[in-house]
Amino acid sequence: MAATAVSQYYLSFHSIPEDGGTWRRRRRRTGSSVCCTPPVPSIPSSSPPPVVGPELSLSFGAHVIPHPKKVEKGGEDAFFISSYNGGVVAVADGVSGWAEQNVNPALFSRELMSKASSLVEDEEVSYNPRTLIQKAHAATSSVGSATVIIAMLEKNGTLKIASVGDCGLRVIRKGQVVFSTSPEEHYFDCPYQLSSEAVGQTYLDATVSSVELVKGDTLVIGSDGLFDNVFDHEIVSAVGTTSDGVTNTAKVLANLAHTHSLDLSYESPYSLEARARGFDVPWWKKMLGMKLTGGKLDDITVIVGHAESS
């Protein structure tokens with residue numbers, strides 16, 4: 001197993017399925033028993049002064065574990081972290097099906113993240129994550145496709161998010177998930193994805209959302225290698241019990257996802273979803289009381305952010 005850890009505020013990239021028509025589908029495993037506060041308006045002198053909260057920013061830590069068969073190449077996930085404004089974080093997951101056409105799936109996700117990082121302070125982006133996806137996608141020339149999520153925190157505490165596909169984000173506050181993104185997909189195991197092909201998803205297909213953060217909130221952002229293998233209650237538990245910083249929390253979560261991905265008997269989020277969608281062991285195995293179980297082997301990228309006063 002190989003892993004990469006990223007310290008707080010470190011700007012970094014890390015490159016971390018069968019055909020589905022014009023989209024690439026992920027491979028399904030077989031054979032397993034499966035931070036600027038906004039201006040205050042003028043008020044009459046007799047009015048009480050407004051209550052203004054503290055400016056916020058995010059500190060980040062990250063950890064990456066590539067798919068066991070992709071360790072030498074560093075995997076096909078990519079990400080960047082920036083301390084610009086209140087903080088910007090993004091993850092892209094290269095779609096592995098391109099390997100069947102002798103295309104390195106990591107190239108598209110890496111370039112997409114590189115372009116996005118270079119455009120964060122662009123005036124036309126205007127701190128809008130969907131616009132950042134639009135411009136980064138247009139600037140990416142590599143062949144391939146990728147799912148992507150970008151989150152940008154304004155100092156007033158508003159976290160703005162745009163995502164295409166199944167990379168995800170959770171906001172944890174006082175031991176509860178108070179915000180969660182939802183995956184976009186064509187069908188099971190075939191997520192929405194930005195592509196080099198003319199036919200495919202664009203920034204217009206991105207799910208856009210926002211959430212108001214408060215001091216002490218924790219963000220967990222990752223590729224599907226995290227969320228396919230780790231339940232939300234496990235994420236909450238890791239955040240609540242890991243006391244030595246965001247980088248270590250990210251490491252704990254990545255290692256947990258990796259352990260689950262190798263466990264053929266584990267009732268993972270992935271296997272539960274597969275069964276709910278009608279995928280299961282053959283009938284004769286069902287007669288023996290068997291069912292589809294197991295984690296999902298994949299690249300695992302985990303980024304943890306902590307909201308604190310600027």
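Lys135 and Glu124 form a salt bridge, with their closest N and O atoms 2.9 Å apart. A salt bridge here is a side-chain nitrogen of Lys or Arg within 4 Å of a carboxyl oxygen of Asp or Glu. Lys135 sits in helix α2 (residues 129-139) and Glu124 in the loop between α1 (105-119) and α2, 11 residues apart. Helices (H or I, at least four residues) and strands (E, at least two) are DSSP runs, numbered from the N terminus.

The model is predicted: local features need pLDDT of at least 70, side-chain atom pairs count only at pLDDT 80 or more, and totals for chains, interfaces and linings use all residues. Residues are numbered from 1 along each chain as its sequence is written, and side-chain values use heavy atoms, leaving out hydrogens and water.

Across the whole structure, a search finds 14 salt bridges. Three of them are listed below, with relative accessibility; buried means under 20% relative accessible area, exposed over 50%, and partly exposed in between (1.4 Å probe, protein chains only).

| Salt bridge | N to O distance | First residue | Second residue |
|---|---|---|---|
| Lys135–Glu124 | 2.9 Å | Lys135: 21%, partly exposed | Glu124: 59%, exposed |
| Arg173–Asp217 | 2.7 Å | Arg173: 25%, partly exposed | Asp217: 1%, buried |
| Lys296–Asp189 | 3.5 Å | Lys296: 5%, buried | Asp189: 6%, buried |

Arg173 and Asp217 meet in a salt bridge. Arg173 belongs to strand β9 (residues 168-173) and Asp217 to the loop between β14 (207-212) and β15 (218-222), so the pair ties together parts 44 residues apart in sequence.

Lys296 forms a salt bridge with Asp189. This pair links the loop between α7 (283-287) and β16 (300-309), which holds Lys296, to the loop between β11 (185-187) and β12 (190-191), which holds Asp189, 107 residues apart. Through shared partners, salt bridges join Asp189, Asp224, Asp228, Lys296 and Asp298 into one network.
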